[in-house]
Amino acid sequence: MFAAAAERFLRRARCGRHRDSATEPSGRAGGLAGPGGGEGGEDRPSGPGLPVRARLRDSPDCPGREIQPEELRRFAARVSALLQGPEPGPEAVDGLQSLHLTVAATKYPRKLDGEFVELLQTVLCSPKSPEQIQVLCAAILREMSPCNDLILSCDEIQDTKLLSLVSSVLLAQGNKGEVAAVGQRVVKALERRLPEGQNAQFLLPVLANVLSLSPGSLTEGKAIGRAEIATWLWSGCCVLPGKLAAVDSDAIYKHLFTDIPAQLFHNPSLAFEFVQFCKDNSQLFTDSSSIFRQSFPNLFKFLAWNSPPLISEFVDLLPFLLDPGTTIEIFHLLLDLPCLTAALDIQLRAAALSASEKAGADPAGKAATCLEAFGHPLYKSLFQYLLRTKAAPEDAPESTQGLWGIKKGNWEQTFNSYSSFALSLVPLRQLLGSLAGSPRVVQCAETVPVLLELFFRVVAEFADGSLINQLVVLLLQKSDQLYEILAFKEDVYRVLGSQLATLCRLRPALLVELSTEILEFLGAVSNIQSKEAIFTHLHQAWAVGEFLSVSHDKRCTVEQITRFFEPLEAVLFEITQLQPQASTPSCAPHAISVLMATLTKLAARSQDLIPRVSMFLSKMRTFVQSPAVTSVYREEDLEEILIRATELMNLLKMPSVAQFVLTPPVASTQFQREVNDSLPLALRMVTQLLEPAPGSVPV
């Protein structure tokens, strides 16, 4: 009798679901029933782990579907006997499933015996009951809502799974007072340390349902911020398996911004939704907690792995991650972003290795491949740095010394130690070079110039002199530490060069304060050849030639100008006078023109240097006519070099005019800006005055 009834109802339910699934709306876990407890065919909520059941309607395809009350009573009695046995087993599970299907498949609430309802509640709350039976008991009780025989309460429940199940039954009753009580109980559980072995993930969906059913209930009598609420709607959807020892708002933030990006960065759909969520709530997160901003190394994993779809999102997000405390580390990260992509690739491949493959690696031997290096002691700390989940703290507390190698102290000491560690990535960067041709790495590299330009624009709004100086030093240092993708390096050099000029404009004093570092960079001929974009921007009118002037900094004495002049003179001499006799690689004609102009400007401010520059410029005809030079440069390039040398040499014949033309005042008015912009015209006018015959050249 029981088996036949169960089979008959299963057939009817399948038929009803097939017919009604296209027209009936889906139910929501823990949702409220419609008026009259579901009259008119509304869906009833399903519980955790159970599918939503659509109501059956009268249909000629499924005649005689409704079970009679007496038959349902006998059905429930049989299930009651199974539940009260020593150890309810598979037969009890089958009975509960059939009973649940029966009460869910009718168009009006089924009434069950009060004692049976009490038994369902007892079994649900019993710690000895198997989880599957608890889930089914809760599902049946939800389908009977509103239920007058309900005596459940969640006040004293400590087990998070059970609290979730009982809460779902209470929420289904349609009582808004009960909804508020459940919400407050769940929040209370989330704000304190959970018992050993308990997991907050079961409570977060309940909290999401409370917010859906009664959005104001969580703030009644208790101040719960929007940040906590937003972080819990998201965590409820994305929470991962694993234990949260202490769950409060900060712990949820840490879980949200630590575990999810680190473990699910390779999930494209989640990556987009997560970054979109962060972007939409970025102001809220930055105002509420420092954890969001400190988690930027983790957030950038989404971009490193999913670059093209997420670049526009990160353009909006990056300004919220930048502040004086994160600027230096984000600058490192942006330049190392292709390395991060390669490291994530290796991390995923290493995780897929079998235990025997991992055990086969020799820790004492040399790592021949990236995969071998991942677990190798020599590279372990470097991979940890690239794959870190949070930023290095500004004051470097002792708890981070082991990972970062930073001693506790002021920010300048932290900067120096941290930067030294970041710059020590050379061995790993070289090893990861084998992935430089990976499409994913190349796509990531293409996003870096865009973000670098945005980075400098944002930083310029809040950076003080100390921070600008740190950025300039790093810019010069990191120019040697870029990932080996040719197009990537050229694009980055272009951005760094133009932004270096901007930093010099913001703070001209850095030329004097960082003279040692700048001269070390300028004194290397190899930098002209390999980093022309940076090198020439350091020499153009708006850098050394423009800002190394007493009009910008009273410390620009004659001695200081001479200190810059001599290494630049040596570099230009090596390029133009030694190169025709040696096999030194050529540099761009533009760099030669910039060097000549810079030396002329410095000589105009320290007139004892004028004879040296004039003599040098007079020798440029010999340089441009050398066979070794004409075989390398185009004719029009050599002509441009010679014309510029002629103009500059003629200008120096009138020192007072040269000082006026080559040392304009700080451009604060439209007239002064126009004078500065018309420098090439001024040079041509002076040349025409001194050498009326067109085409005359230095001898």
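Aromatic pairs make a handy way into this predicted model, and the structure holds 13 of them. One is formed by F300 and F314, whose rings sit 5.1 Å apart, centre to centre. The angle between the two planes is 45°, and the pair counts as tilted. F300 belongs to helix α16 (residues 296–305) and F314 to helix α17 (residues 307–321), so the pair ties together parts that are 14 residues apart in sequence. How buried or exposed are the two partners? F300 has 0% relative accessibility and counts as buried, and F314, also at 0%, counts as buried too.

Rings also gather in a bigger group elsewhere in the list of pairs: F257, F274, F277, F285, F292 and F302 are linked by ring pairs into a cluster. W305 has a partner of another sort, namely R440, whose charged end sits over the W305 ring at 4.0 Å from the ring's centre.Stepping back to the whole chain, there are 42 helices and zero strands. Of its 699 residues, 52% count as buried. The chain exposes about 31,200 Å², and carbon and sulfur atoms supply 54% of that area. Among contacts with a separation of 6 or more, 74% are accounted for by residues 24 or more positions apart.

What about the nonpolar interior? The largest nonpolar core has 140 residues, and the members that touch the most others are F257, F300, F331, L432, L452, F455 and Y483. Helix α26 (residues 439–459) gives this core its largest share, 11 residues. There is also a second, separate core of 52 residues, with L119, V186, A200 and L207 among them. Two names in the first core come back from the ring story: F257 is part of the ring cluster, and F300 is half of the tilted pair. Y483, for its part, has a long list of neighbours once those within four places in sequence are set aside. That list takes in P338, C339, A342, R429, L432 and G433, along with L435, A436, V441, F488 and K489.

Helix α26 is also home to T447. This residue is buried, with a relative accessible area of 6%. Leaving out residues up to four places away in sequence, T447 touches S307, I311 and L337. S312 is 135 residues away from T447 in sequence, yet their C-alpha atoms are 9.8 Å apart in space.

Over in helix α6 (residues 131–143) sits Q134. Is the side chain's owner buried or exposed? Q134 is buried, at a relative accessible area of 12%. A polar atom of the Q134 side chain lies 2.9 Å from the backbone oxygen of L124. L124 also appears among the residues in contact with Q134, together with V123, S126, S129, L162 and L165, when neighbours within four places in sequence are ignored. Further along, P146 is found in the loop between α6 and α7 (160–171). The peptide bond leading into P146 from S145 is cis, with omega near -5°.

Two more residues, E517 and I641, round out the picture. E517 has its place in helix α30 (residues 515–522). With a relative accessible area of 34%, E517 is partly exposed. Beyond its neighbours within four places in sequence, E517 is in contact with V473 and L476. V473 is 44 residues from E517 along the chain, and the two C-alpha atoms are separated by 6.9 Å.

I641 lies in helix α39 (residues 635–652). Which side of the buried–exposed divide does I641 fall on? It counts as buried, at 0% relative accessibility. Neighbours within four places aside, I641 is in contact with P589, I592, S593, M596, M620 and V624. The C-alpha atoms of I641 and H590 are 8.2 Å apart, although 51 residues separate the two along the chain.

Notes: Residues are numbered from 1 along each chain as its sequence is written. This is a predicted model: local features need pLDDT of at least 70, side-chain atom pairs count only at pLDDT 80 or more; totals for chains, interfaces and linings use all residues. Side-chain values use heavy atoms; hydrogens and water are left out. Helices (H or I, at least four residues) and strands (E, at least two) are DSSP runs, numbered from the N terminus. Buried means under 20% relative accessible area, exposed over 50%, partly exposed in between (1.4 Å probe, protein chains only). A polar contact is a pair of N or O atoms within 3.5 Å; within protein, one must be able to donate a hydrogen and the other to accept it, and residues adjacent in sequence count only if both atoms are side-chain atoms. Contact means heavy atoms within 4.5 Å. Accessible areas come from the Shrake-Rupley method with a 1.4 Å probe; for residues, only the protein chains shown count as cover. A nonpolar core is a set of buried Ala, Val, Leu, Ile, Met, Phe, Trp, Tyr and Cys residues joined through side-chain atoms within 4.5 Å. Rings of Phe, Tyr and Trp (its six-membered ring) pair if their centres lie within 6.5 Å; planes under 30 degrees apart count as stacked, over 60 as edge-to-face and the rest as tilted. A charge sits over a ring if NZ of Lys or CZ of Arg is within 6 Å of the ring centre and within 35 degrees of the ring normal.
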